[in-house]
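Please open the model in your viewer and keep a selection box at hand. The tour below moves from one selection to the next and says what is to be found at each stop.

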Amino acid sequence: MDESLTRLIRESMPLAGLLGLQAVEGGPGGVVLRGSWSEERCTAAGVLHGGYLMALADSAAATLAFLNLPPGAATSTIEAKTNFLAAVREGSVTARAELVHKGRTTIVVQTDVTDEAGRLVSRTLQTQAVLRVAGEPLDDR
């Protein structure tokens, strides 16, 4: 686990701490986060809630977008589409976020979530806005 990246994610997105998300690894080329099944994170029949999977994917994608921002910028999710492909009834889930597009005003990320057996559980494609922070110049590299 990458403790420093986990700390950064949990400080910038407190929900990540509440959900127990941990960073496995991350850099401008990709981010890997891990979450885990627990009864309080489930819907009917002990299935890990889709909202938990979406929050995991969104956190991985937002972290990757953050790591690709120009100086003086922030990011926010403006669109996300998730396909749920399999149910998770135990163990951990791993989100792997990969950069699809890095533009001046948007960043597009695809995040695949797999279970412990490597089975694809969900796939999310989302767009992150590149936002100017008030009072900061935006480097348009």
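Begin by selecting Leu5, which counts as buried because its relative accessibility is 9%, where buried means under 20% relative accessible area, exposed means over 50%, and partly exposed lies in between (1.4 Å probe, protein chains only). Leu5 lies in helix H1; helices (H or I, at least four residues) and strands (E, at least two) are DSSP runs, numbered from the N terminus. If you add Val31 to the selection, the two C-alpha atoms are 9.9 Å apart in space, although 26 residues separate Leu5 and Val31 in sequence.

Before going further, note that this is a predicted model, in which local features need pLDDT of at least 70 and side-chain atom pairs count only at pLDDT 80 or more, while totals for chains, interfaces and linings use all residues. Residues are numbered from 1 along each chain as its sequence is written, and side-chain values use heavy atoms, with hydrogens and water left out.

**The strands, from E1 to E6**

Select Leu21 next, in the loop between helix H2 (14-18) and E1. Leu21 is buried, with a relative accessible area of 3%, and its C-alpha is 5.7 Å from that of Arg34, a residue 13 places away in sequence. Now show strand E1 (residues 22-27) together with E2, which pair in the antiparallel sense over five bridges; two strands are said to pair if DSSP finds at least two bridges between them. Gln22 stands opposite Arg34 in E2, and the hairpin that joins E1 to E2 does so through two residues.

From E2, move on to E4, since these two strands also pair in the antiparallel sense, over seven bridges. In this pairing Leu33 stands opposite Ala95 in E4.

Strand E4 (residues 92-102) is in turn joined to E5 by nine bridges, and the two run antiparallel. His101 faces its partner across this pairing, standing opposite Val108 in E5, and a hairpin of three residues joins E4 to E5. In the loop between E4 and E5, select Gly103, which counts as partly exposed because its relative accessibility is 24%. Gly103 and Val130 are 8.4 Å apart in space, C-alpha to C-alpha, and 27 residues apart in sequence.

How many of the ten residues of strand E5 (residues 106-115) are buried? Eight of them are, so E5 is largely enclosed by the rest of the structure. On to strand E6 (residues 120-132), which runs antiparallel to E5 and is joined to E5 by nine bridges. Here Asp112 stands opposite Arg123 in E6, and in the hairpin of E5 and E6, which has four residues between the strands, Gly118 takes a positive phi near 85°.

**Ala45 and helix H3**

Return to the loop between E2 and H3 and select Ala45. Most residues other than glycine have a negative phi. Ala45, however, has a positive phi of about 60° although it is not a glycine, and it counts as exposed because its relative accessibility is 68%.

Next select helix H3 (residues 50-67), whose 18 residues should span 26 Å at 1.5 Å a residue, and whose end C-alpha atoms are 26 Å apart, which agrees; the expected span is 1.5 Å times one less than the number of residues. Among the buried residues of H3 are Tyr52, Leu53, Leu56, Ala60 and Leu64.

**The nonpolar core**

Which residues have the most contacts inside the largest nonpolar core? They are Leu33, Leu56, Val93 and Val113, in a core of 29 residues, where a nonpolar core is a set of buried Ala, Val, Leu, Ile, Met, Phe, Trp, Tyr and Cys residues joined through side-chain atoms within 4.5 Å. H1, strand E2 (30-36), H3, E4, E5 and E6 each supply at least two residues of this core, and H3 gives the most, with nine residues.

**A last selection**

To finish, select Leu8, Ile9, Ser12, Met13, Ala62, Thr63, Phe66, Leu69, Ala73, Ala74 and Thr75, which line the largest pocket. Helix H1 (3-12), H3 and strand E3 (73-84) are the elements that give two or more residues to this lining. On a 1 Å grid over the protein atoms alone, a pocket is an open set of points where a 1.4 Å probe fits, with protein on both sides within 12 Å along at least five of seven lines, and lining residues have an atom within 4 Å of a point.
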